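Here is a set of exercises to work through with the structure open beside you. Try each task on your own before you read the solution.

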Amino acid sequence: MSNPAKTRVTINVNGKDLSAEIEPRTLLIHFLREHHNLTGPHIGCETTHCGACTVDLDGRSVKSCTLFAVQAEGAKVVTIEGMANADGSLHPLQAAFAEHHGLQCGFCTPGMITRAYRLLQENPNPTDEEIRFGIAGNICRCTGYQNIVKAIRSAAQVMAGQPRKEAAE
Amino acid sequence: MIPGRFTYHRPGSVGEAVKLLASLGEEARPLAGGHSLIPMMKLRLAQPEHLVDLGKLGLKGIRAEGADIVLGAITTQAEIIDSALLRERAPILQEAAQVIADPQVRYQGTIGGNVANGDPGNDMPGLMLCLDARYSLTGANGSRQVAARDFYEAAFFTKLQPGEILTEIRFAAPAAGHGWAYEKLKRKIGDYAVAAAAVVLTMSGGKCNGASIALTNVAQTPLLAADAAKALIGTAVDDAAIDAAAKAAIAISDPTTDTRGPVEYRRSVLGVMVRRAIARAKTRAR
Amino acid sequence: MSQPAGKRTVIGASPPRIEGREKVTGAATYVDDMQFGPSLLHGALKRSPIAHGRIVRIDASRARALPGVRVVVTGEDFPGLTGLYLKDRRIFALDRVRSVGEAVAGVAADTPEIAAQALDLIEVEYEELPGVFDPEYGASPEAPIIHPELASYEVVPFVFPQPGTNISNWFKVRKGDMAQGWAEADLVYEHKYRVPHVQHVPLETHVCVAQQNVNGKITLWSSSQSPFAQRNLIAKALHIDHSRLRVITPYVGGGFGSKAGVSMEGAAVALAMHAKGRPVKLRMTREEEFHTTFVRQGLVAILKMGMTKDGRITAMHNRFYWDGGASTEYGVNITRAAGYSGTGPYYVPNIHVDSYCVYTNHPVGGAMRGFGMPEIHFGIEQHIDEMAHRLGLDPVEVRLKNCLKDGDETLTGMPMHPTGLSECIRKAAAAINWGQETVSYSSTKRHGKGLAAMWKAPAMPPNPGSSALVRLNEDGTATVSIGGVDIGQGALTAMAQFAAEGIGIRVEDVRVNTVDTDYSPYEWQTVASRLTWSMGNAVLRAADAARTQVLQAVAEAWDEDISDLDIVDGQVISYRSEESIPLKNICIDGVQRKDGTFVGGPVVAQGRFMPDYVTPLDPETGQGPRAVVHFTTGCQAVEVEVDTETGEVQVLKIVSAYDVGKAINPELVRTQMEGGAVQGLSTALLEGLILDHGVPRNPNFTDYRIATAVDAPLETENIIVEVPQDDGPFGARGVGEHPMVPTAPAIANAIYNAVGVRLDSMPLTSEKVWAALQNNDI
């Protein structure tokens, strides 16, 4: 079998162009984690199920374990590390997950928040049911999802400029 | 979970792509959304030496051409769900796309990949049978059209020849006022169907004057349930007709016992899916 | 403890998690996120493809010759036996493999690809032996013996292996007069229930990195619930001084019991000992996680119960056959816990319980959330329901009549401590509108309600210890060091609350360190829902001691009585002189006396806790004055919708009510209830490893299904009941595991209520419901 040459791939990640000389078989998750130390997206299954590796790519939520980095050449990627505001203040989703106990062990959280971000971009005022279907590609084993749904609902209100309601228990 | 090594190609046109595939021969595989192929490569169940990325061939998009609806092969499930044209003219595709996998996969998974790889678990092939779609297959020797109803030979075996790319899907939009439904029973969200049924029908004067029914994941290939559809024609789509259709559908099914349940269960719930899909399609027909 | 109750502000409040910001920004570091640079070696394990066999030959020469391969080790390199309670396994199989996936060799190489290639080059020849794939059969005299050397294994005194059989522990309870119990009963009912192997599925699979330095000291970075137990077991197995093995545990991506004890970590240390100073990483794939770390044991339970026509339980004869797998890290103790809890939370006068841990050629059983209780309650709570139904009685009333009340004798003869069990049952039933008919809106969608009660004690040796260190910093903040691990349950936050309360500072001013065995004080393990209670006591005592150090210095400097002094929000105040001074001014440099000299100094305080009252039980009868430290009790009620045509079950609502003694952080308590209920739902409806002659057929997320947000109920209600625990910090007892214990039987009872079919094996899949409905025309 031939030993194909490495290729230079450049991807705009969190607003910065990041490059690496990589084999074509390098997956996007490894490009991020191993070549650029962006370890927020996690590896939970490597089989496109758990969603822990979710990042935003050109306005779509993708599981970065099932995409070769070469496929993302020239794309704009946002990871959890790029979610906070420039001044370091948290994105409303990040703040809501922390405040409403939308996390326990935290391993699924970066993928969950990144996915919720795209969901709210597309549907700024989702029902609980739409939230649940919208995060069906992200497994959380700790929370039972109730507080994740609550956090996303609350963040949607903040992002819409509505006064924050204390979610009913 | 590391795929084998390969050389990556990103042609800029269909012509270039088929030329590449022809010259690289059997060691090359086309790459669309990659959500079937990449997992197989990680498991080393597929070890192509070359991947030809179809992402930049201009095969995206959904358009109307006269009475036909045309879908570019690289159109994603998410784009299908968002399409105003499909909402108007062929909403059954949206109903089906919404029960495929999960949101992330739907952004990446393509209609072409879903119908071309011959996986009996995929949902869209059944829809294509139901809608009597035609596939445009392009190879080094030019293009040809194959009816979806002729395309599937066995699990993972189709009429697609090595070196050919499925570029386009085309079907006549169902008549205005048609009723439709895709009913899918799955073990849980994101899963392949235990059994699923696609129904498109038209009613006139309280009687059914056109019907098409197809079945997913109850045989080696998707199945067109012609006798089931026939059982509805000329009837008021009453309980007796629906029962007859369900029986006809079950009769042609050939599911296997697997982690989705024993054969008798899968047959029985296939009947339920067919009944529910017909009943819902009827309420939507005008 | 030392402060007047009226002043309390931190205990019972719900501050958000102290590590929340790190976790929502991606900054929280898990083991796989740590950077070790280019010298990192990638480890991989060669695993047995067969369930049971003799190893005839291992030839690793071709693997050793592969460029980039740095280490290859096999069982011969590390022949010592290890195990938490019963030393019955090795890091690598030596002469015999006992399960598919058992490690027979390990490699470390420059890249993961080379490591994978090297595994393929290791040749292993096996001579297959007949296997044992069912625990009842395994316990029978006909079964082939899996551990012929059982008699020679080292074992703790409260575990009773039966050499010459496959039984690694046999726990017995004999109480009362069985003949009389059956005679008094109006109904005697016997039934068999089955629970399959399930897997914990932490989102982060097992991962660790080991490195040995030139002095021989080894550091193990490990995603672990038991850093100290790992140090202890690995040090003993590999003959390393404990002080030369350092275990560091950063954030852990979920555990649920799977990361308790040692599974693959010993292999990483073994590889590192041959890697000439290079760090070696071992990370399990999801497939490996599913069957080679730990699984929850399978169970066959044969239950027989007698009841009078007015609903009084007269006797129970329960047999539990645990499918312990190839070896038993925790299985023998799960068997014991099931034995001493084997009646469920009920007063029963006449009892015969046998709980057997049986070696099989299945994956190794480990601890999992609930530690045997979800498994035994699946049968017990359906059995009670069924008997109530057969006698025409209300299942809630039957439970209230028989459930343990303060002072009732448990099956091991221990008087029940004050418990809110009856209150939990009443409140859960009320919240689901028990007794009110539910309307089914469609002929094919039937609604039903079900309820199940539970109890669970921390299952552990009689004397597991906790310790804590509290140090005050120049700015008046506190640094708390503990040896327990926050695996998501919120331990860091609860400990910060104890420290803040004990010292008299704000929660925001407390930092709690993750574990480094070189610097953190000892903690037995993060298991058994024991941290809030046990480690909480240690932290509270340390905080109290720190506060006392401060106040003693102030009392001397100001010439006041310590009882007139207090620390409130970081200010030391005197109620007598009404003087005050910021804590930060004195907690390092001491307090200035009137003559200008100083008293006190850097505040460093320790606290420790160990239960000193648990007694042994009689090996023949299981009787003894105090079997356990305490029981947490509770109840769940659910409402389901059953599709009579497809068998699909949708859980509409789950109500959880638990007696937690005292909720230190009520919001965190509720998150445990919700998370546990959904994990319970997932195991009830979806999960189960399919083992075909020991070969796992579904070690992946396609065919082993975990509940998503769509599968979780839309509505949950969480009810906190507080009957204080006498030795709990502020009365607290644990609730981490309990919320998944009664979920499966509650759902099964609700399915029965909805459509009249009873399912005696988990998971309660659509096809099982459908099949049962075919035989039970409704």
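**Exercise 1. The contact of chain A with chain C**

How many residues does the contact take from chain A, and how many from chain C? Describe the chain A side by element and by class.

*Solution.* Keep in mind from the start that this is a predicted model.
- Step 1: count the residues. Chain A contributes 46 residues and chain C contributes 41 residues.
- Step 2: assign the chain A side to elements. Those that give two or more residues are α2 (92-99), α3 (109-122), α4 (128-134) and α5 (146-159) of chain A.
- Step 3: sort that side by class. It holds 23 nonpolar, 17 polar and six charged residues.

**Exercise 2. The contact of chain A with chain B**

Which strand of chain A gives the most to the side that touches chain B? Begin with the residue counts.

*Solution.*
- Step 1: on this side of the complex, 24 residues of chain A meet 23 residues of chain B.
- Step 2: strand β4 (residues 60-63) of chain A gives the most to the chain A side, with four residues.
- Step 3: the classes on the chain A side are seven nonpolar, twelve polar and five charged.

**Exercise 3. Confidence in the model**

Where in chain C does pLDDT stay under 50? Set your finding beside the overall scores.

*Solution.*
- Step 1: take the complex as a whole. The predictor assigns an ipTM of 0.96 and a pTM of 0.97.
- Step 2: turn to chain C. Its mean pLDDT is 96, with 99% of its residues at 70 or more.
- Step 3: find the exception. Residues 1-6 of chain C stay under 50, and the model has four contacts beyond four places in sequence for them.
- Step 4: draw the lesson. Predicted coordinates should not be read in detail where pLDDT is low.

**Exercise 4. Two helices of chain A and the loop between them**

Are α2(A) and α3(A) parallel or oblique to each other? Work from the crossing angle, then look at the residues that meet.

*Solution.*
- Step 1: the two axes come within 10 Å and cross at roughly 130 degrees.
- Step 2: α2(A) and α3(A) are therefore oblique to each other.
- Step 3: their crossing is right-handed.
- Step 4: from α2(A), L93(A), Q94(A) and F97(A) meet T109(A), I113(A), A116(A) and Y117(A) of α3(A). By class, this contact has five nonpolar, two polar and no charged residues.
- Step 5: inspect the loop between α2 and α3 of chain A, where H101(A) is placed. H101(A) is not a glycine, yet its phi is positive, at about 55 degrees.

**Exercise 5. A sheet of five strands in chain C**

What is the strand order of the open sheet of five strands in chain C? Identify its edges and the helix that lies across part of it.

*Solution.*
- Step 1: the order is β7-β15-β14-β13-β8 (chain C), and the pairing is mixed.
- Step 2: β7 (167-175) and β8 (187-195) of chain C are the edge strands, each pairing on one side only.
- Step 3: from one strand to the next, the twist averages 5 degrees.
- Step 4: follow one pair. β7(C) and strand β15 (residues 350-359) of chain C run antiparallel and are joined by eight bridges. K175(C) has I351(C) as its bridge partner in β15(C).
- Step 5: add the helix. α10 (residues 373-390) of chain C lies across β8, β13 (298-307) and β14 (313-325) of chain C, at about 145 degrees to β8(C).

**Exercise 6. A sheet of three strands in chain B**

Why is one side of β1 and of β2 of chain B left without a neighbour in the sheet?

*Solution.*
- Step 1: the sheet is open, with the order β1-β3-β2 (chain B) and parallel pairing.
- Step 2: β1 (7-9) and β2 (28-31) of chain B stand at the edges with a single partner strand each, so one side of each has no neighbour in the sheet.
- Step 3: neighbouring strands are turned by 25 degrees against each other on average, direction ignored.
- Step 4: β1(B) pairs with strand β3 (residues 50-53) of chain B in the parallel sense, over three bridges. Within β3(B), V52(B) is the bridge partner of H9(B).

**Exercise 7. A cis peptide bond**

Which residues of chain C does a cis peptide bond join?

*Solution.*
- Step 1: the bond joins M762(C) and P763(C), with an omega of about -5 degrees.
- Step 2: P763(C) sits in the loop between α16 (743-755) and α17 (766-774) of chain C.

Methods
Residues are numbered from 1 along each chain as its sequence is written. Chains are lettered from A and ligands numbered from 1 in the order in which they are written. This is a predicted model: local features need pLDDT of at least 70, side-chain atom pairs count only at pLDDT 80 or more; totals for chains, interfaces and linings use all residues. Two residues are in contact if their C-beta atoms, placed from the backbone, lie within 7 Å. Ala, Val, Leu, Ile, Met, Phe, Trp, Tyr, Cys and Pro count as nonpolar, Asp, Glu, Lys and Arg as charged, and the others, Gly among them, as polar. pLDDT is the predictor's confidence in each residue, from 0 to 100. Two strands pair if DSSP finds at least two bridges between them. Axes are lines fitted to C-alpha atoms, for helices over the stretch in contact, and angles run from 0 to 180 degrees between N-to-C directions. Angles under 35 degrees count as roughly parallel, over 145 as roughly antiparallel, 65 to 115 as roughly perpendicular and the rest as oblique. A crossing is left-handed if the near helix is turned anticlockwise from the far one by less than a right angle, and right-handed if clockwise.
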